[in-house]
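Student: I would like to learn how to read strands, helices and chain contacts in a model. Can we go through one together?

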Amino acid sequence: MRSLLAIMAAKAALRANRVTGSGGTALPGMLAQKLDKDILAKLVKNNFPGGIIVVTGTNGKTTTTKLIANILEEAGITYVHNKAGSNMERGLISTMAESTNLSGKVEAEVALFEVDEAFMPRVCRAIEPDTIVVTNLFRDQLDRYGELDKIARSFRNLFEELPSTKLVLNSDDPLVASLGYDLENERKAIYFGVGDYNGPKIINDHTADSIFDPFTQQKLHYTEKYFGHIGRYRGKRGGFTRPKPDFQANNVKQKGIESIKFAVNNSTKVVKLDMPGLFNVYNSIAAYAVAKVSLDLEENNIIYALNESSAAFGRSEVLNYLNREVLILLIKNPTGLNQVIQTYLLKEKDRLLVFVINDNFADGRDISWLWDAAFEDLKGYMGKVIVGGTRAYDMALRLKYSGLKGVSVEPDESKLMELIEKNSTKRSKVFILPTYTAMLSIRSKIVSGDEKAKEFWQ
Amino acid sequence: MKAIKIAHMYPERMSIYGDFGNVLALSQRMNWRGIKNETVMVEVGQKLPKDIDLIFIGGGQDKGQVVVAKDLKSKSSQIKEFVESGGPLLSVCGGYQLLGEYFISNDYGQIEGIGLFNVISKATDTRMIGNIVVQSEKFGQLVGFENHSGATEFIGRAQPLGTVKKGFGNNPNDKLEGVIYKNALGTYLHGSFLPKNPKVADWLIRQAIKHSGQSFKIKELNDELENSARKFAAKRP
């Protein structure tokens, strides 16, 4: 009875949201939780015959989740999943309330959720997932998450509490890999990783957080470092060493900024992603591993789905704005930003570059991380740079100290859009690198601007 | 002209929080003035060179601090002699705590510091997080971002870096932030600290020049952008 009330309240709030267009997903969840504090467990746990899959980690949650969703779609498996930005407890409740009928039943075989790292223990204790994927762990919004080691410890405790959950972990991130090391009852984690990568690399990389043996604090020896602390490593004298991946991406080859391809283990079949960057290889191989071990799908079907996938909302999305090709590349921490620089900016030296840095709550109030990103690698960039957002001056200052010249500052968003227009021409390429809330508002300005342009021409 | 030598201590374990920005600010502000300088990274187990002119130590996770504390002990007398002879030093957050008498952490018990500063720190249940504005007699308005659960208190005589106008500072109670002893500073301000507070950066540079046995004056730089960034930061919630 109580959960029925909770579902009804959440559904009513969701409808009200749609009418007012406010689009917030936390409020309906909050209402439902007020009426029934166990509502999430009741709606999710044991409710999905095909399994409950949770994706977490610092970077790549949204894209990995989207790739798994595409695989489910292609396989004809019905599923529910939460949207980006609704990855905390209340967002999940809202998602569930929306797809549940009043008797608490869901017409879907699989539940697929991306979950914020800080909410992992609470959410997973409630829903008891069949599979947990951890993409990577990097310093990220330390004002919200606290220290990495604490997050890692909370994950490890959680894993031991859920002995039958399959753990799909990144073998190339020492901290993440160590979470599956020496588990109780000889339980084995499933590992994914990358075998080789010969593409461009960041020189001024200050983002390696976990380059020490998590158990002995001895420095790890890397035979290959791809970015940050991600790579192939081994410990001293039998110390912690990279576990052999069950799913390894081999022959990784990047083609411009359009695509990247690889093969899984010794397969002759090639995965050719319609999005660039080594980080997307990690996202894909993680999704591949889940499709194999949790969904038991065939290689051909998985590869077909991966090849058909495009970038997630605001993550390397290509849009058209007043006849300019605009790439929106969400940035939120130094590792992610370095990946963007590594993938897109090292070769694109004469395009318009726009950084929009907000420090609203959802972005993280702290912008110290800008100083750890490798803007020094942009040395030699000859194009124009515009910076905006609530912390436009901080961003400009960061670029000044990196030695980059020709930077314009515009904290006002409408004027920023004008400045972008003025500093680019039709058919020119514009790279916009916004933080989360800046991404939402800039994206909507671009989409509505594009519609105006279309209307004009019709 | 003799090159100014900066020691960046423990960048691998103690640089979780924009700490490269501090070293970058020092080095660029010397580069822009044509002052030769070099930065030496000193990791655990490595020697601190004898001819350094400036020491920087940043913040880290508790786990890293345990290892670093041990190593610092072996360099304790060298660092103290450096500071006693007027050598400039900047320590931020975790580094600041380790230069005090001790730090009682939640997970690793009491971590011994080297006692350069007359301060002690204890882990608390309140995480002191947010933008912080400090008024300093020596440097004027200082801005940054703090994120610590360790609360620092003075024992005996110690001089704070400034008074907290917004935020927490050393601890939730006395509205004091940081410490100054001779030319050594301790602070909780990230942000990074030095780029938005160029008066502190230039003061450290002046002390470093003096310590290197040279006596030239440094010229003023155009700090318009630095000052705008500081003004904007001071207004953020």
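Tutor: Start with β12(B), whose two faces are both covered: Ala184(B) and Gly186(B) on one side, Leu185(B) and Thr187(B) on the other, are all buried. Buried means that 20 or more other C-beta atoms, placed from the backbone, lie within 10 Å of the residue's own; 12 or fewer is exposed, and in between is partly exposed. This is a predicted model: local features need pLDDT of at least 70, side-chain atom pairs count only at pLDDT 80 or more, and totals for chains, interfaces and linings use all residues. Residues are numbered from 1 along each chain as its sequence is written, while chains are lettered from A and ligands numbered from 1 in the order in which they are written.

Student: Which strand runs parallel to β12(B)?

Tutor: Strands of a sheet pair through backbone hydrogen bonds, either parallel or antiparallel. Two strands pair here if DSSP finds at least two bridges between them. Strands are DSSP runs of E, at least two residues, and helices are runs of H or I, at least four, numbered from the N terminus. β4(B) is joined to β12(B), residues 184–187, by 4 bridges, and they run parallel. Ser91(B) stands opposite Gly186(B), and Leu89(B) has Ala184(B) as its bridge partner.

Student: Which way do the residues of β4(B) point?

Tutor: In β4(B), residues 89–92, Leu89(B) and Ser91(B) point one way, Leu90(B) and Val92(B) the other. All are buried.

Student: What joins β3(B) to β4(B) along the chain?

Tutor: The chain crosses through helix α2 of chain B, residues 62–84, and this β-α-β crossover is right-handed. Right-handed means that, with the strands pointing away from the viewer, the path from the first strand over the helix to the second runs clockwise. β3(B), residues 54–57, is parallel to β4(B), with 3 bridges. Phe56(B) stands opposite Leu90(B).

Student: How does β11(B) pair with β12(B)?

Tutor: They run antiparallel, joined by 3 bridges. Tyr181(B) faces Ala184(B) as its opposite residue. The two strands form a hairpin with 2 residues between them, and Lys182(B) in the turn has a positive phi of about 50 degrees.

Student: What is the strand order of the open sheet in chain A?

Tutor: It has 9 strands in the order β2-β3-β1-β4-β5-β6-β9-β10-β11, with mixed pairing. β2(A) and β11(A) stand at the edges, each with a single partner strand, so one side of each lacks a neighbour in the sheet. Neighbouring strands are turned by 20 degrees against each other on average, direction ignored. Within chain A, β1 and β3 pair in the parallel sense over 5 bridges. There Gly51(A) stands opposite Val110(A).

Student: At what angle do α2(A) and α5(A) cross?

Tutor: Two packed helices are described by the angle between their axes and the distance between the axes. Axes are lines fitted to C-alpha atoms, for helices over the stretch in contact, and angles run from 0 to 180 degrees between N-to-C directions. These two axes come within 7 Å and cross at roughly 85 degrees. That makes α2(A) roughly perpendicular to α5(A); the class covers 65 to 115 degrees, with under 35 roughly parallel, over 145 roughly antiparallel and the rest oblique. Among the residues that meet are Met30(A) in α2(A) and Ile93(A) in α5(A).

Student: How many residues of chain A are in contact with chain B?

Tutor: 25 residues of chain A touch 32 residues of chain B. Contact means C-beta atoms, placed from the backbone, within 7 Å. α13(A) gives the most to chain A's side, with 6 residues.

Methods. Contact = placed C-beta atoms within 7 Å.
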